[in-house]
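This briefing looks at how the inside of a protein structure is filled and where space is left over. Please keep the structure open beside the text while reading.

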Amino acid sequence: MEKFTTLKSSAIPLNIENVDTDQIIPARFLKATDREGFGDNVFRDWRYNKDGSLNEDFVLNDSKYSGSILVAGDNFGCGSSREHAAWAITDYGFKVVVSSFFADIFKGNALNNGLLPVQVSEGFLNQLFSQIEKEPTTTIEVNLEDQTISVLDSDLSETFEIDAYKKTCLINGYDDIDYLVNSKELIEAFEAQKTY
Amino acid sequence: MSKKTLFDKVWDAHVVSSVENGPQILYIDKHLIHEVTSPQAFKELEDRGIPIFRPDQIVATADHNTPTLNQDKAVKDALSRQQLEQLSENCKKNDITLYELGHKYNGIVHVMAPELGITQPGMTMVCGDSHTSTHGAFGAIAFGIGTSQVAQVFASQCLLLTKPKSLRVSVNGKLKKGVLPKDVILYIISKLGTNSGTGYFCEYAGNVFEEMSMEGRMTVCNMSIEMGARGGMIAPDKTTFEYIKGREFAPKDEDFEKQVAYWKTLPTDEGATFDKEYSFDAEDIEPMITYGTNPGMGIKITSNIPKEENASFKKSLAYMDFEAGESLINKPINYVFIGSCTNSRIEDFRVAASFIKGKQKADNVTAWLVPGSKQVEAQIIEEGLKTIFEDAGFELRQPGCSACLAMNEDKIPQGEYCVSTSNRNFEGRQGQGSRTILASPLVAAATAVAGKIVDVTQEIEEMEAVGI
């Protein structure tokens, strides 16, 4: 897994609530047997019109916005557990998703793929949206070590929570498999004396 | 001794150890897999040279991608076929039991495992599918995981997890006529919203769930994820034990008695506390339908769509082409789907058949009846339900996830409404541009007969009045 420490980037504002993983990557694109290439179809049915042409109204197609931070509405990533959603978002080039609330499974999947979910307050999220919409080149800095997200050249800043273990994993690029495989003796001992 | 919840008891019995200031290592008893979310996990282990730790605790089925017609022939779609072949190859290589297409035990993972007695109280179970919460109906801790976690369970039979908070939803009282378990859960989600359960594991309690069949309990627990909860559970009781007894992989004879004695210790202790509690009156629940693009957007079938000012609500209604404040009664419907891991068990088809018997499907309606498993399909035939469906102009298809997520050919066309017994009404869920209205199998059957949304309670009363 890629390491994550700090990131400075402009952001893309996806001001929609309850974005479900079916929107992030529709089921018809889940037939691949590897992890690569899902970025081509991220938000497929919002990015493209029915006739296959680009939907100019969708924020990902708006040339004034760019960057590797996705700022999204409340309850991002709800629905299906498909990790393809996290793969699609990272494959497209995002390294951070900011929202006021993340669905559980999506959050776990993101963390397992080096994609940092940054949960901020509703007030901060709204300020971010208006700042980015007003000034699309606004640079945002995410510092995992300090657990802060700040808008550069402004006093807009907030701290965010992250599980201490997951933080260490991200900073060092470790994943859970390493940890679990190294715990094999403990697991075998547990199996030998299970109480149920 | 401190008072424990059902969830606490099962969780605590499975903790291998705790990481300092971090998550716990949780042991997983059963790992269910299917063709869509497992290939990358197999590949990851292979690339890292890690063997599958406990292949005998894994059971595989083919369900998400499979066609529901001509299952005896080669799968037409090349990508689907490749994914199914990949699953067969991976299972063969790693000595994993697979119920592939055509096998007598093949079916939707959350229908197949309970009916084979694989699912048992007190277990921890996972699957790369968010509706794994279904198995909580047996008093198991069961939840959906991502593919990285599938790989973790392959490698260690464990997961690193932080214990979720506890939530209890109680429903007491007497359910009205025509109100099915699906209505109960749609009602709960409509009241609590789609993220009320995030970070929690939910226990359903109260006489309504105690009196429900296992099929009904599975429908309820299945949709726990639609309110954000990782899983839902119902205390195991006599109904649970009787359901499990005698099934293929259930413990036998003395072992069974021994297990029952243990299972009886699992229900939540009196006085145990939950982080959050809600309770509802059964009398307030009526047949439900959804009008929007998330499962929380549900109303009583006779109610009008609410009026709200927020942008996401308006976007949702625009997608559905519904007006705020309008009633959905008499809305013409051209597609009906009875199936999915929520409502494709024998009881669901019995309910549908009891309504349909002696009536005819409306001409404008294309209706797909898709059983959850080969065993359910066989039972439908054995009980004579297939004849009832066919006499009424319905087609019974072969098992699979089908139009719930439209990965196979069963897609609802652009712009069409589908009254569906599945679990998600997200944009495009049943096919690009499709518009899903979630409902119970009874409401779905009534819609198929009328060709439009009807007040099912009134329909039942009329049937009773003429002695049907």
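Which residues lie nearest the centre of the second largest cavity? This is a predicted model, and in it A:Cys78, A:Gly79, A:Ala103, B:Ile225 and B:Gly228 lie nearest that centre, as part of a lining of 17 residues. The points below begin with the enclosed cavities, go on to the largest pocket, and end with the nonpolar cores.

**Cavities**

- When the whole structure is searched, three cavities of 30 Å³ or more are found.
- The second largest cavity, with which this briefing began, holds about 130 Å³ of space, and the residues of its lining divide into seven nonpolar, seven polar and three charged.
- The largest cavity holds about 230 Å³ of space, and its lining is made up of 25 residues, of which A:Ser80, B:His64, B:Asp129, B:Leu405 and B:Arg429 lie nearest its centre.
- In the lining of the largest cavity, eight residues are nonpolar, twelve are polar and five are charged.

**The largest pocket**

- The largest pocket has a volume of about 1000 Å³, and of the 33 residues that line this pocket, A:Asp104, A:Lys107, A:Leu111, A:Asp163 and B:Thr162 are the closest to its centre.
- Two or more lining residues come from each of several elements, which in chain A are helix H4 (104-111) and strand E5 (116-119), and in chain B are helix H5 (147-156), strand E8 (158-161) and strand E10 (200-205).
- Helix H4 of chain A gives the largest share of this lining, with five residues.
- Sorted by kind, the lining of the largest pocket consists of 15 nonpolar, nine polar and nine charged residues.

**Nonpolar cores**

- The largest nonpolar core has 113 residues, and within this core A:Phe43 and A:Phe76 are the residues with the most contacts.
- Chain B also takes part in this core, since the largest share, seven residues, comes from its helix H15 (residues 441-450).
- If neighbours within four places in sequence are set aside, A:Phe76 is in contact with a series of chain A residues, among them A:Phe43, A:Phe101, A:Phe102 and A:Phe106, and also A:Leu14, A:Val19, A:Ile24 and A:Ser99.
- Another of the contacts of A:Phe76 is A:Ala103, a residue already met as one of those nearest the centre of the second largest cavity.
- A second core, separate from the largest one, has 76 residues, including B:Ala151, B:Met223, B:Leu266 and B:Ala282.

Notes:
Residues are numbered from 1 along each chain as its sequence is written. Chains are lettered from A and ligands numbered from 1 in the order in which they are written. This is a predicted model: local features need pLDDT of at least 70, side-chain atom pairs count only at pLDDT 80 or more; totals for chains, interfaces and linings use all residues. Side-chain values use heavy atoms; hydrogens and water are left out. A nonpolar core is a set of buried Ala, Val, Leu, Ile, Met, Phe, Trp, Tyr and Cys residues joined through side-chain atoms within 4.5 Å. Buried means under 20% relative accessible area, exposed over 50%, partly exposed in between (1.4 Å probe, protein chains only). Helices (H or I, at least four residues) and strands (E, at least two) are DSSP runs, numbered from the N terminus. Contact means heavy atoms within 4.5 Å. On a 1 Å grid over the protein atoms alone, a cavity is a set of points where a 1.4 Å probe fits but cannot get out, and a pocket is an open set with protein on both sides within 12 Å along at least five of seven lines; lining residues have an atom within 4 Å of a point. Grid points are joined across faces, edges and corners, and a volume is the space filled by probe spheres set on the points. Ala, Val, Leu, Ile, Met, Phe, Trp, Tyr, Cys and Pro count as nonpolar, Asp, Glu, Lys and Arg as charged, and the others, Gly among them, as polar.
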